[in-house]
There are 4 protein chains.
Amino acid sequence: MGARGSVATTAITGLLALRAGLVRPVGCVTERLDIDHSVLPAWDDIAVGGHDIVSTPLDKRAEHLAAAGLIPHSVVSAVADGLRAVDAELRCGYHPVTHTGPQAAAVARLTRDIEDFRTRNDLARVVVVNVTSTEPPVPALPEHDDLDLLAAALEDPQRTVLPASSVGALAALTAGASYVDFTPSPGIKIPALAELAHRNRLPYAGADGKTGETLVRTVLAPMFTARALNVRSWAGTNLLGGGDGANLADPAQARGKLESKARGLARLLGDDVTAPLHIDNVATLGERKIAWDHVSFEGFLGAQMSLQFTWDGYDSALAAPLVLDLARLVSAAHADGQTGPLAALAFFFKDPLGTDEHRFAEQTRMLADWAARLGATE
Amino acid sequence: MGARGSVATTAITGLLALRAGLVRPVGCVTERLDIDHSVLPAWDDIAVGGHDIVSTPLDKRAEHLAAAGLIPHSVVSAVADGLRAVDAELRCGYHPVTHTGPQAAAVARLTRDIEDFRTRNDLARVVVVNVTSTEPPVPALPEHDDLDLLAAALEDPQRTVLPASSVGALAALTAGASYVDFTPSPGIKIPALAELAHRNRLPYAGADGKTGETLVRTVLAPMFTARALNVRSWAGTNLLGGGDGANLADPAQARGKLESKARGLARLLGDDVTAPLHIDNVATLGERKIAWDHVSFEGFLGAQMSLQFTWDGYDSALAAPLVLDLARLVSAAHADGQTGPLAALAFFFKDPLGTDEHRFAEQTRMLADWAARLGATE
Amino acid sequence: MGARGSVATTAITGLLALRAGLVRPVGCVTERLDIDHSVLPAWDDIAVGGHDIVSTPLDKRAEHLAAAGLIPHSVVSAVADGLRAVDAELRCGYHPVTHTGPQAAAVARLTRDIEDFRTRNDLARVVVVNVTSTEPPVPALPEHDDLDLLAAALEDPQRTVLPASSVGALAALTAGASYVDFTPSPGIKIPALAELAHRNRLPYAGADGKTGETLVRTVLAPMFTARALNVRSWAGTNLLGGGDGANLADPAQARGKLESKARGLARLLGDDVTAPLHIDNVATLGERKIAWDHVSFEGFLGAQMSLQFTWDGYDSALAAPLVLDLARLVSAAHADGQTGPLAALAFFFKDPLGTDEHRFAEQTRMLADWAARLGATE
Amino acid sequence: MGARGSVATTAITGLLALRAGLVRPVGCVTERLDIDHSVLPAWDDIAVGGHDIVSTPLDKRAEHLAAAGLIPHSVVSAVADGLRAVDAELRCGYHPVTHTGPQAAAVARLTRDIEDFRTRNDLARVVVVNVTSTEPPVPALPEHDDLDLLAAALEDPQRTVLPASSVGALAALTAGASYVDFTPSPGIKIPALAELAHRNRLPYAGADGKTGETLVRTVLAPMFTARALNVRSWAGTNLLGGGDGANLADPAQARGKLESKARGLARLLGDDVTAPLHIDNVATLGERKIAWDHVSFEGFLGAQMSLQFTWDGYDSALAAPLVLDLARLVSAAHADGQTGPLAALAFFFKDPLGTDEHRFAEQTRMLADWAARLGATE
């Protein structure tokens, strides 16, 4: 979902480049995990399809990202044929504004697309990864808590019961595909969808990929705790360009993202830390994302001290290999018969589903332990 | 050792303030460990003595630190009597320039001081903590590898076989005291002294307290590794005032410190990372220490990214509670019958003795596991 | 106005300390200007009075600032008598919430206070400096453009025609005092008040003291222009504690401050620069104010580059000597017969009255030229 | 001189791109000066030749810089023919290691190359710009102070009297060309060469192009002075890759650069500022240069404050347009009959020849005034 966005385009280009041996798998966590690699799909085993509401072809998108400094020109040229082949597998996504008729029809169409993709490519399993633009939180409805109520409401052509991310998640689960939410959008967090995942014996993971500022926060915050230092404030500012910046410039859209970030910090340090947080759209930064954090803390005998950091990264270059990792790991979990939220994948997310563990080092260990056991039961 | 320096003065002032209930134990790790507290000496159980080569009374030193913003004036006033009482327990330290006669005589004098202190205060155990100024590395001698050769050489009034830190360590071990090296000085790293610790069934810990830049490095570096990101350079600059800055402005003295810092980074990231590192004396910063680190790293498809941080801290305020923690923990280990280097205390050190583990999160876990077992065998 | 706030308390304490020879005039621009010093009031010539709506005595306020690290304890002790003497000269300020009756009565009371203060202290001139909390912008009224309409409206007990800052400015001008606006509040910017200043032949200066982030901006922005570099974004985040932080945490109050800052940047660089700007209240920072700015710019052949800076200052320590400078300079201008906005004092302000010159180096030159001519005509 | 280095390659590529209308003249100061443009050579009027000791063709060098992100690939492709044409004008430079025979022969060869270039291209004037790698300072010799002694010494095949930069400067002046030193190398600073410039009625300018950290320093330092703030320390660290980094990693080579930087700061702030400064070679940064500066300063009543900045730039992208500017301006000064050091060009240099003015705003004004008068006397 969002197959022509910056993250997806980078992930697809990178997958093709890895297959062709053009690049090393820098940033791919599955390549360094101590794991039985036979349980993971190899790069060559993965077929890529997807949905998107924009129609710019993938090879054009990749050229745009090369101009922005994110992907080498030489790589884009080398895999252009592959990009066009993937583009032929992409289908039109769901958007409430362009859709007419009941939402159930949209779910059915997306479900069919996924099933056809699986059949056409003769695949054992499909993992649907949501890398669309962030949606705002939605108000809770009674239909969100009950699959039967939900099914009935989706048939009503007058109603828009689910946000687009949840329409996609519902289609994935209905098609028997596992699901990964790389965004803070509602997606699978609608309780009825989690129920459906259990009923269909499907695993899922999320939410909101942890790629920059939050990654560093979940590394640094436990340091203060371990050393019994008293964090008094933790302020953050994010400057981002690209589509993400434009989308998150809208305070409504940004709310989900800000809440997801704030929840993690509060979990790590408690609620009494002053933690103002901003996201600004700075279009001229292109695909770069710059974050500045300032932490003031108190030490022995009341000494006032501070730590500040600036992160200057390409969000899509950080996210893309994780998307590939998640596709491999969730597929392996599916093959392993695991169902429900995969807490062991908290390592990848700002707002992990299935666990409250935000400390990165603990998440790293959870992932390593889980990966080491994958396939061991066979 | 170094009982009138900034770290010791802060630790002693803080201990008196904790006993008087004037401050909370911020920065004291033993207060937040999940540990059987009956195995640790309580604040009230600890008597403080020490050696130093300077004679400024402790209460004057504490006033100086209050003027520098490190300790509240009100605390210094409230514990002034206590500081004077501790000062009466301090004895003249060893310095090669002022000493005449064989080094063995200095060892004997310091040993006697420690034994007298233990007897006078009716103590079960003594922990000697080295918080003197950093010494340069010393060339290896055959006498450093053999206790008997060493003993003979120490009797020679013409020779200076051991640096001051090792003279102190030898006295501690001879007096049956355990030993902590909070500096990168040679101290107990002379092989014959480690042998003596084993022979006398004494535990020890070190080396070089991890309080600022290196603390952050050992937290951040494992993040890059866990995410398979390729760190290409890690540059660091340290600005420090106080006596530490003046001492480390001498490149010879700084060498030990720089080597200790560089070793840790190489262990975490490998040797192929460009890692220039500087220590500058900026006297006007007083007791503050400011470090700037710039990390450049490569991500997926060769994307160039960076992280930089600035740490602005009071080194003594960070070190002092750790000195109290170490005194408690090493005393407990001594009571528990442990001998040799305490690898589980790597958490506290830049260059841990007894282990090569530099990752802070792993060190935190090692400490927690060890602390949980302390006293459990009784 | 605001005589018991942090800025005023620091200025008054500093003036007393300068008189007593306890400190050097660091930060006092008038002490380094090439000026005929006979035209400036000497430190000993200045008497201090004032209005405030809070009643905490000045010596208590000064002790609070000493605890926050802003003023040395020793200075506060040494000038405590002087602070109490000044406190006896302070009168209750005007606040719309506590006032009853027509605003004209408030103006009359404040005017009388100023006149009495001048008579009681046998002063040649009075300069009223507004260092109260920032007020939000006010909607324009027809009465703001016409002194007679304004006078009539002020008699209406049902109306609140002027914000508190303008009530104070009106009282100052009515009493024959010159006026300085160190805040972005409406103050003398109401057109009818500017008219009154001209009619009463009084000089005034403002607005919004330039003490930190904006000071650096007006120094750096002309560098990019002079070098023909193309600034594409200039993002800023301000973290502030103290009363200022609490006040500006209210978006309505902050609006004036943010508009004042943004106006200057647009004037320097044009309107096509993306310039998000935030002010956050971080109470635990106390009297400190921390600003981070990130500037992205384009060079030859489209090269993308950046400059970022972090400013860590005590706003009151930066503002207080400028308040003393302004009192001296505006008094000298008054004696010199100058009337209306003093454009040559743009050096001191974020939003200078009487000129559009924001470049700090040009402002420095304007001030130097003007100061050199002060008194030269006599 | 240094015609195939990064700066020269960028300048030549940019000049060709400007002529072709492919890019805007961002970073070109002459394009925004208020100047009679008829006195300046137009982009189309400039022919490029040069000397270098390396033989990689210009078009290959430009491709390398494109891969490093410094120049767009599309520009390099578009001007490749032009680069090859310029490359045909380049001649082998002088290097003491490869040269045999007296230095006078090298001077004669370089002189002839310049004269031939002028004749072949039918040029009115030639400006020689030194953009070679930085040389270490040289010890003063009596021959450096006297043209006749120098001429005699250059004939001695056993001696190396002049460093390479000064050999080039001597050839330029002998050929009747004006000279610009964009490096801190000895170049024209040898007194006898300055004498020759006067004798031959030639203007010259230098030294050491001001493109990054020092540019910002000469902008910020006057701010502290103007505000009477007391700068106590100003620490700097430079991380640079490319050939510059490798060259300056050698402490001997770096000495000239460090001295040039330090001199400026001392001139601006006085000698009592602690100012440690480092240059580190970080090859993986490629053409980027990153500088971090930390300034600690004292304000009113002793308040301790700080400003820190990080500059992240492409040095060649900053230097190249200035090289074009200098060629145009020095050519115009030559045409105008000016001789000796052009103090008005201090704006461009870290260590300006002919003036001690380091304040950037003053330098900007000096340049503007001088440029406005250029040609006015005709």
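Helices, of at least four residues, and strands, of at least two, are DSSP runs numbered from the N terminus. The model shown in these views is predicted.

**View 1. D:Arg201 sits in the loop between α8 and β5 of chain D.** Helix α8 spans 191-199. Phi of D:Arg201 is near 55°. That is a positive value in a residue other than glycine. The residue is exposed, with a relative accessible area of 55%. It counts as exposed because the cut-off is over 50%.

**View 2. D:Asp208 is buried in chain D.** Its relative accessible area is 1%. D:Asp208 belongs to the loop that links β5 (203-206) to α9 (213-226). Leave aside its neighbours within four places in sequence, and its contacts fall into several stretches of the chain. They include D:Asp181, D:Phe182, D:Thr183 and D:Pro184. D:Lys257 and D:Ser260 are also among them. So are D:Phe348, D:Phe349, D:Lys350 and D:Asp351.

**View 3. A cis peptide bond joins Gly206 and Ala207 in chain B and in chain C.** In chain B, omega is near 0° for the bond from B:Gly206 to B:Ala207. B:Ala207 lies in the loop between β5 (203-206) and α9 (213-226) of chain B. In chain C, omega of the bond between C:Gly206 and C:Ala207 is about 0°. C:Ala207 is placed in the loop between β5 (203-206) and α9 (213-226) of chain C.

**View 4. Chains A and B are related by a rotation of 180°.** The shift along the axis is 0.0 Å, and the superposition of chain A on chain B has an RMSD of 0.1 Å. This is the relation of a two-fold axis. In chain A, the C-alpha nearest the axis belongs to A:Phe309, 2.0 Å from it. Of the interface residues of chain A, 100% are also interface residues in chain B, so the copies meet through the same surface.

**View 5. The interface of chain A and chain B buries about 4700 Å².** Carbon and sulfur atoms account for 68% of that area. Three residues, A:Arg227, A:Phe300 and A:Leu301, supply 21% of the area that chain A buries against chain B. No other three residues supply more. In terms of contacts, 60 residues of chain A touch 60 residues of chain B.

**View 6. A:Leu301 lies in the loop between β8 and β9 of chain A.** Phi of A:Leu301 is near 60°. The value is positive, in a residue other than glycine. A:Leu301 is buried, with a relative accessible area of 5%. Against chain B, A:Leu301 is one of the three residues that together supply 21% of the area buried by chain A.

**View 7. A:Glu362 forms a salt bridge with B:Arg365.** Their closest N and O atoms are 2.9 Å apart. Across the interface of chain A and chain B, the rule finds four salt bridges. It also finds 16 residue pairs in polar contact. Several elements of chain A give two or more residues to the side that touches chain B. Among them are helices α1 (6-19), α12 (315-335) and α13 (360-373), and strands β8 (288-298) and β9 (304-314). The largest share, eleven residues, comes from β9(A). By type, the residues on this side of chain A divide into 39 nonpolar, 13 polar and eight charged.

Technical notes: Residues are numbered from 1 along each chain as its sequence is written. Chains are lettered from A and ligands numbered from 1 in the order in which they are written. This is a predicted model: local features need pLDDT of at least 70, side-chain atom pairs count only at pLDDT 80 or more; totals for chains, interfaces and linings use all residues. Side-chain values use heavy atoms; hydrogens and water are left out. Buried means under 20% relative accessible area, exposed over 50%, partly exposed in between (1.4 Å probe, protein chains only). Contact means heavy atoms within 4.5 Å. Copies are superposed by least squares on the C-alpha atoms of residues with pLDDT of at least 70 in both. Buried area is the accessible area (1.4 Å probe) that two parts lose on being put together, summed over both. A salt bridge is a side-chain nitrogen of Lys or Arg within 4 Å of a carboxyl oxygen of Asp or Glu. A polar contact is a pair of N or O atoms within 3.5 Å; within protein, one must be able to donate a hydrogen and the other to accept it, and residues adjacent in sequence count only if both atoms are side-chain atoms. Ala, Val, Leu, Ile, Met, Phe, Trp, Tyr, Cys and Pro count as nonpolar, Asp, Glu, Lys and Arg as charged, and the others, Gly among them, as polar.
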